[in-house]
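Open the model in your viewer and keep the selection tool at hand. We will go from stop to stop.

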Amino acid sequence: MNKNGHRWLKEPMRVLDLVFTPKLENYPMQEVVKVCRKMHANVIHFHCQYNMRGGFDETEMFFKSRLSKKKNRDVIGEFLPLAKKAGIRTVVYMNLHWFTKTFADAHPDWWVMTYEGKHIEHLYGDDDASFCINSPWRNWSFTLLEDVCNYEIDGVFYDGPVAFLRRGGCFCAHCRKLFQETYGREMPAPDQSKREDYALLREFTVNSMVRYYRDAMHVIRTARPGIVGYANYANVAEPDWAAGRANRRLIPEMDALLAEGGFMYGRASKAIFKTGASSRLYETQSGEKPSINAVSMAFSPWRWISLSGAETRVLLSEASVGVNPYYAIFIHGIEMPGIEAAGDVYGFLAKNTKYYRKTVSGARVALLQSAQTLNTYAGVDIPWADLSYQKEKRAEAVGNYSRSFYGFYEMLLRSRIPFDVIDETRLTEAGLDRYGAIVLPNAACLSDGQCASLTSFVRDGGKVVADFESSHYDEYGQRRENFGLSEVFGARSLNDVSGHRRWDYVYTVDKEATHLTWMKTDFFPAPRRNLRVAIKEGIVQAVFSEPLISNIIASGKRSDQAFLIENRFGEGRCFYFPTMFGEFYEETHADMYPRLLAEILGRETVPVSVMGAPHMMDVHLRLQPRQKRTMVHLVNLELGPIDEIVPAYRVKVDVQVDYPVKTATALRSGKMLKFKQKKGVVSLTLPELLEFEVIALEG
């Protein structure tokens with residue numbers, strides 16, 4: 001592989017995906033280049049297949065290919081000289097998941113099949129289909145990739161293929177044969193209640209995806225050495241059985257990680273945490289490779305209508321911290337206000353490239369995103385996605401990982417604590433000690449090795465915050481008799497969950513505990529259920545009330561059921577909630593919960609303090625140690641009026657900095673800020689915060 005060909009990937013990218021909805025015969029080459037320049041994009045995802053009739057087929061190739069059934073305009077050949085002259089990298093968009101039924105009918109043995117032998121169709125509409133990655137279609141697709149690589153392109157973006165286990169596929173003859181050869185048995189039915197069988201199906205599906213992309217990358221690297229290739233990966237809350245995408249398994253095969261963390265499917269305020277959570281996770285999962293967070297202009301399902309300018313600026317700024325932003329435009333909507341706003345953000349990024357180059361997170365808190373729990377735990381919600389008509393589904397199980405994750409996510413965000421999102425792989429890697437605290441949001445499914453790593457982390461002086469069934473199952477979803485982290489929690493599970501608590505309370509036990517002294521009362525709302533535990537070395541600091549028969553009562557008795565257990569273990573501490581702490585906050589937004597979490601985490605885990613504004617904002621801390629630069633990214637999430645942001649004024653910021661600071665600059669407003677530095681803390685006031693701002697402290 002020619003490593004020089006990948007150098008541009010190491011630089012900050014501003015990716016533009018231009019979808020030309022009219023016929024490609026009329027593709028406006030010069031106009032597209034002008035749009036790229038106007039938008040300050042330096043990478044384009046270039047479309048050379050026409051997909052607007054229900055998918056792609058052999059007559060809609062607008063480049064030279066041995067597979068084309070019709071001679072069309074060569075848009076790649078025409079565009080490349082213009083792009084090179086304009087300094088724009090061209091990554092060819094390859095639609096490999098969405099095809100017309102006419103094309104599928106011509107190749108019936110390629111079609112994705114259900115266990116019952118039915119075709120899987122209706123990915124986006126009523127006249128489309130998809131092909132199986134284990135069928136002879138894979139060889140057809142490899143020929144297509146070879147033909148694209150005959151051009152001097154910079155890279156290939158694979159939009160698919162994906163798998164369809166959630167919809168009951170694929171069980172075509174090719175998959176059945178390969179499964180038999182691999183496991184020495186027939187493929188079982190896709191029944192999640194049969195844990196061992198379904199685990200095999202999941203592994204077969206994920207491995208088939210890895211195998212496809214490994215082979216596809218070999219094809220393009222052989223055809224054009226030094227070329228870049230990356231695919232459309234899994235979203236932040238997506239189990240691997242939804243579409244067969246397992247990011248940690250796929251990233252070794254490709255050169256970058258891209259996923260649709262900024263595709264909203266409605267108003268941004270309905271999923272305002274998704275994009276920031278995605279950026280944090282993608283940076284973790286991509287390791288030393290670059291990652292790209294894709295944002296769509298679309299107010300879905302109306303693809304030609306853009307989100308508002310304020311929404312666009314917020315989403316793209318969240319998609320630029322620690323990762324690279326991507327913005328998808330439908331040409332029909334080129335005059336929409338969101339497009340101009342995207343150009344504003346990209347212009348800001350282009351002007352301030354040096355502050356985004358090779359930065360590292362300065363966060364001291366990590367929130368675990370547990371793929372193992374997503375894959376095997378009963379309490380997992382499936383988010384809505386346009387691909388394959390994957391409708392939203394909320395789990396009915398007692399204890400929900402998805403809601404606990406986003407509950408803790410929002411509490412950290414509302415407390416304005418910089419934090420990373422890590423996964424299980426990160427738990428067993430070197431360097432975990434850079435964090436002061438790790439939060440486990442009902443992270444039910446952890447391996448013995450991961451539990452051992454967390455145990456060492458606490459023993460060596462770290463802090464763990466966990467709730468409900470964290471570590472009660474192994475990585476395969478098999479329930480343990482006791483917590484894998486029982487020693488750390490200072491408690492043993494009694495394997496008994498309480499009945500539904502409709503209007504019960506929590507009472508503090510030790511009001512003198514430092515993280516409880518701020519409370520005005522000694523009681524507050526209780527989560528819906530709790531796991532009964534036996535206390536070992538831990539100290540109970542709050543308990544549930546006895547179940548109440550009404551919400552209008554004279555008094556309530558304290559029970560012996562623990563709500564919060566503090567356990568000093570080695571040099572560190574653990575705070576364990578044997579209840580649905582994160583999930584309950586996601587449901588009710590009880591205002592004392594974020595304060596309680598912040599007090600437990602402690603000031604030592606907060607290198608940035610943001611005060612004086614009531615707004616909900618995301619605080620990121622990025623560092624360039626060699627350049628003696630510290631960047632505080634503030635993203636304003638107050639999108640109430642939809643069409644504009646609610647500004648914040650006179651935002652006070654304190655930042656821990658370990659070098660003498662010479663200048664403090666608000667990069668977006670372009671203003672130099674007055675500051676004081678005392679005992680390693682820089683204090684300043686930001687006059688105004690619109691959608692986002694970056695404060696750069698330079699030594």
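**Stop 1: two helices in contact**

Select F408, M411 and L412 in helix 13, then Y593, P594, L597 and L601 in helix 18: these two groups meet. The model is predicted. What kinds of residues make up this contact of helix 13 with helix 18? Seven are nonpolar, with no polar and no charged residues.

Now show both helices whole. Helix 13 covers residues 401-414, and helix 18 covers residues 592-601. Their axes lie 9 Å apart, and the packing angle is about 75 degrees. Angles from 65 to 115 degrees count as roughly perpendicular, so helix 13 and helix 18 are roughly perpendicular to each other.

**Stop 2: the sheet**

Next, select the open sheet of eight strands. Follow the order 7-6-3-2-1-12-9-8; the pairing is parallel. Which strands stand at the edges? They are strand 7 (228-231) and strand 8 (257-262). Each has a single partner strand, so one side of each has no neighbour in the sheet. On average, neighbouring strands here are turned by 25 degrees against each other, direction ignored.

Zoom in on strand 2 (residues 43-47) and strand 3 (residues 89-95). They run parallel and are joined by five bridges. Pick V43: opposite it, in strand 3, stands R89.

**Stop 3: helices on the sheet**

Select helix 6 (residues 195-223). Helix 6 packs on the sheet and touches strand 6 (155-159) and strand 7. Its direction makes about 155 degrees with that of strand 6.

Finish with helix 10 (residues 309-318). Helix 10 lies across strand 8, strand 9 (291-296) and strand 12 (324-330). It runs at about 145 degrees to strand 12.

Methods: Residues are numbered from 1 along each chain as its sequence is written. This is a predicted model: local features need pLDDT of at least 70, side-chain atom pairs count only at pLDDT 80 or more; totals for chains, interfaces and linings use all residues. Side-chain values use heavy atoms; hydrogens and water are left out. Axes are lines fitted to C-alpha atoms, for helices over the stretch in contact, and angles run from 0 to 180 degrees between N-to-C directions. Helices (H or I, at least four residues) and strands (E, at least two) are DSSP runs, numbered from the N terminus. Angles under 35 degrees count as roughly parallel, over 145 as roughly antiparallel, 65 to 115 as roughly perpendicular and the rest as oblique. Contact means heavy atoms within 4.5 Å. Ala, Val, Leu, Ile, Met, Phe, Trp, Tyr, Cys and Pro count as nonpolar, Asp, Glu, Lys and Arg as charged, and the others, Gly among them, as polar. Two strands pair if DSSP finds at least two bridges between them.
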